[in-house]
Amino acid sequence: MTGNLGQKIAENLIFVGEFLLVVFLCFFVAYVIEKRIQRRRQQRERILNTRKIAMIGLFSAVAAVLMMFEVPVPFAPPFYKIDLSELPILILSFAYGPVAGVMAEFVKILLKLVFKSTSTAFVGELANFAVGCALVLPAGIFYLEKKTKRQAFVACALGVISMTIFGSFFNAVYLLPKFAALYGMPLDTIVQMGSKVNPRIVSVETMALYAVAPLNFLKGGIDMLLTVVLYKRLSHVLKEQEGRR
């Protein structure tokens, strides 16, 4: 029994290490791309300054609160729910770039764990972070290239597509098998939970196709529409001087 406990602890520590590696990779990609865009424009502004860090903290706190309010969907098992925690972070990414977005995603997860401990051995938190970055990273990068209203629509659409595809693939290949392994349950048990809600779910692949993909598309679509509506109204709060969009 002691050996099994030690093995479980080791597995969880390895998973936390993998989580932190994903965080580092997302931040590294965002930083390199944002820095290249700055150099091409011959800008010398620091990617992170005092004002940006303060806004990251503020919007991360709002996102962490929104993460608490989850709504189930009828086509997916109960552990898949929609929240609006990506909305303030997507707005922040539009204002300050992808690095701020990735940092806000991570701080959001840390704050959420302070308010409410994990119930999924951190698998749900990793899913929220990674899939959230799949939305805000491409959207933030694309909008940073050219800040126009049309570009905002395209950036959001690109983010939603990226979030839907990556989220489905990541769940099928890594998250669902990892969740089953950490909880010591057969993967078929998770699939059966999905089958009870959606008869088309008969495997991990169909779980991703018929539950995860529409969930992420719906969540991303809501975030996209609200961002387009709210960003202009909040831009004066985020920056002292905003160029015309």
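The paragraphs below lead through a predicted model, taking up its nonpolar cores, its aromatic pairs, a buried glycine, its salt bridges and a patch on its surface.

A useful place to begin is the interior, where the largest nonpolar core has 38 residues. Within this core, the residues with the most contacts are Y80, V102, F129 and M207. Two or more residues are given to the core by each of the elements α1, α4 (98-115), α5, α6 (149-183), α7 (187-197) and α8 (204-238), and the largest share, eight residues, comes from α5. Apart from this core lies another, of 26 residues, which includes F59, L87, V136 and V160.

F129 deserves a closer look, since it is named among the residues with the most contacts inside the largest core. When its neighbours within four places in sequence are left aside, F129 is in contact with F19, V22, V23, C26, V102, E105, F106 and I109. Two of these partners return in an aromatic setting, for F19, F106 and F129 form one aromatic cluster.

The count of aromatic pairs in the model comes to 10. In one of them, the rings of F19 and F129 have their centres 6.2 Å apart and their planes at 45 degrees, and the pair is therefore classed as tilted. This pair links distant parts of the chain, with F19 in helix α1 and F129 in helix α5 (residues 123-145), 110 residues apart. F19 and F129 are both buried. How are the rings of F94 and Y143 arranged, stacked or tilted? Their centres lie 4.3 Å apart and their planes meet at 20 degrees, so the pair counts as stacked. Because F94 belongs to helix α3 (residues 86-96) and Y143 to helix α5, the pair ties together parts that are 49 residues apart in sequence. Here too the partners are withdrawn from the surface: F94 is buried, with a relative accessible area of 2%, and Y143 counts as buried at 1% relative accessibility.

Attention can now pass to G97, which is found in the loop between α3 and α4. Is G97 buried or exposed? Its relative accessibility is 0%, and G97 therefore counts as buried. Not counting residues up to four places away in sequence, G97 touches E34 and L92. The C-alpha atoms of G97 and Y31 are 9.4 Å apart in space, although the two residues are 66 residues apart in sequence.

Charged side chains add a further set of links between helices. Side chains of opposite charge can pair when their charged atoms come close. The structure holds seven salt bridges, among them two that involve E86. In one, the side chains of E86 and K108 meet at 2.8 Å, N to O; with E86 in helix α3 and K108 in helix α4, this salt bridge ties together parts that are 22 residues apart in sequence. E86 and K108 are each buried. In the other, E86 meets K219 at 3.0 Å, N to O, and because K219 lies in helix α8 while E86 lies in helix α3, the parts tied together are 133 residues apart in sequence. The relative accessible area of E86 is 1%, and K219, at 7% relative accessibility, also counts as buried.

A further salt bridge joins K112 to E125, the closest N and O atoms being 2.6 Å apart. Since K112 lies in helix α4 and E125 in helix α5, this pair ties together parts that are 13 residues apart in sequence. Both partners fall under the 20% limit for burial, so K112 counts as buried at 9% relative accessibility and E125 counts as buried at 3%. Through shared partners, salt bridges also join D83, E86, E105, K108 and K219 into one network. E105 thus appears in two settings, because salt bridges place it in this network and it is also among the contacts of F129.

The surface offers a different view of helix α1. Which residues make the nonpolar surface patch of about 490 Å²? The patch is made by L21, F24, L25, F28 and V29. One of them, L21, is found in helix α1 (residues 2-40) and is partly exposed, with a relative accessible area of 49%. Helix α1 thus holds both L21 of the surface patch and F19 of the aromatic pair with F129, and F19 is buried, whereas L21 is partly exposed.

Note on methods
Residues are numbered from 1 along each chain as its sequence is written. This is a predicted model: local features need pLDDT of at least 70, side-chain atom pairs count only at pLDDT 80 or more; totals for chains, interfaces and linings use all residues. Side-chain values use heavy atoms; hydrogens and water are left out. Patches are made of residues with over 30% relative accessible area and no salt bridge: like charges are joined within 9 Å, nonpolar side chains (Val, Leu, Ile, Met, Phe, Trp, Tyr) within 5 Å. Accessible areas come from the Shrake-Rupley method with a 1.4 Å probe; for residues, only the protein chains shown count as cover. A salt bridge is a side-chain nitrogen of Lys or Arg within 4 Å of a carboxyl oxygen of Asp or Glu. Helices (H or I, at least four residues) and strands (E, at least two) are DSSP runs, numbered from the N terminus. Buried means under 20% relative accessible area, exposed over 50%, partly exposed in between (1.4 Å probe, protein chains only). Rings of Phe, Tyr and Trp (its six-membered ring) pair if their centres lie within 6.5 Å; planes under 30 degrees apart count as stacked, over 60 as edge-to-face and the rest as tilted. A nonpolar core is a set of buried Ala, Val, Leu, Ile, Met, Phe, Trp, Tyr and Cys residues joined through side-chain atoms within 4.5 Å. Contact means heavy atoms within 4.5 Å.
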